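User: Please take a close look at one pocket of this model, describing what lines it and then setting the other pocket on record beside it.

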Amino acid sequence: MPKPLILVSNDDGITSKGIRVLVSVMKRLGEVVVVAPDSPQSGMGHAITIGETLRLTEEEIFEDVKAYKSSGTPADCVKLAKHYVLKDRTPDLVVSGINHGSNTSISVLYSGTMSAAIEGALEGLPSIGFSLCDYSSNADFSHVEEWVEKIAIQVLENGISKGVALNVNFPPKRNEDIKGIKVCRQADAKWQEEFDERYDPNGRKYFWLAGNFVNFDKGEDNDEWAIANNYVSIVPCQYDLTAHHSISQINKEWDWNKL
């Protein structure tokens with residue numbers, strides 16, 4: 001029986017520690033091909049490159065693994081992998097990460113890590129985005145490797161609903177073992193942004209985005225609660241952003257005759 005073909009990407013760049021850990025785990029499960037950005041792309045969301053050149057260079061970074069770095073975004077990387085690098089081969093699994101930093105709650109909308117996974121879902125491929133809630137470039141991933149493998153095996157064996165990508169977040173390394181997995185919803189939380197007005201050495205004004213993360217959610221069935229209580233959170237995400245519950249409300253309550 002042939003090994004599963006696994007495409008690996010990320011948003012922290014092809015040399016990040018997180019992607020090295022992810023490649024190491026995926027090599028236990030199948031044939032791995034890497035297409036990842038040549039530099040960090042955090043906060044890129046689902047941007048794609050239009051009107052500019054895209055570069056793709058093969059790199060010898062991972063032992064016994066075909067790897068390519070791209071000048072594009074995480075979404076670009078998955079597109080290049082699907083339509084150029086792999087050509088007539090279809091991945092059995094797309095994985096992105098392991099991100100250095102949380103992608104819980106509202107962060108999923110800005111996440112380059114999740115954009116690569118969602119791009120895989122757009123292509124009809126089972127896809128997972130992995131993130132560790134530790135922003136350090138030298139973060140400790142030792143406690144998450146077994147969970148990455150377990151989740152990937154479940155997806156390879158059982159699949160995911162069409163059009164869905166899993167947003168998986170791991171708590172940082174603590175003095176106690178991870179308690180388990182919570183399949184949950186996205187928390188009602190957001191960043192309350194501030195723009196710090198500054199001046200460069202030439203006296204020209206610039207702005208630095210800052211702010212605080214605020215969790216409004218008091219439930220115990222969301223990703224913020226899971227991470228705070230030392231569980232792995234899994235939130236199934238879809239690219240269909242239609243607010244289906246609002247369609248009937250608009251049709252029922254809006255009076256088009258007043259226009």
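Analyst: In the classes used here, Ala, Val, Leu, Ile, Met, Phe, Trp, Tyr, Cys and Pro count as nonpolar, Asp, Glu, Lys and Arg as charged, and the others, Gly among them, as polar. This is a predicted model, in which local features need pLDDT of at least 70 and side-chain atom pairs count only at pLDDT 80 or more, while totals for chains, interfaces and linings use all residues. Residues are numbered from 1 along each chain as its sequence is written, and side-chain values use heavy atoms, with hydrogens and water left out.

The second largest pocket (an open set of points on a 1 Å grid over the protein atoms alone, where a 1.4 Å probe fits, with protein on both sides within 12 Å along at least five of seven lines) holds about 410 Å³ of space. Its lining (residues with an atom within 4 Å of a point) is made of 19 residues, and Val108, Leu109, Ile118, Gln238 and Leu241 are the closest to its centre. At least two lining residues come from each of α3 (112-122) and β11 (232-238), and β11 gives the largest share, four residues. By class, 11 of the lining residues are nonpolar, seven polar and one charged.

The largest pocket holds about 530 Å³ and is lined by 20 residues, with Ser42, Gly43, Tyr110, Tyr135 and Trp191 nearest its centre. Strands β5 (93-100), β9 (189-199) and β10 (205-215) each give two or more residues to that lining, β10 supplying the largest share, three residues. Here the lining divides into five nonpolar, 12 polar and three charged residues.

Conventions: Grid points are joined across faces, edges and corners, and a volume is the space filled by probe spheres set on the points.
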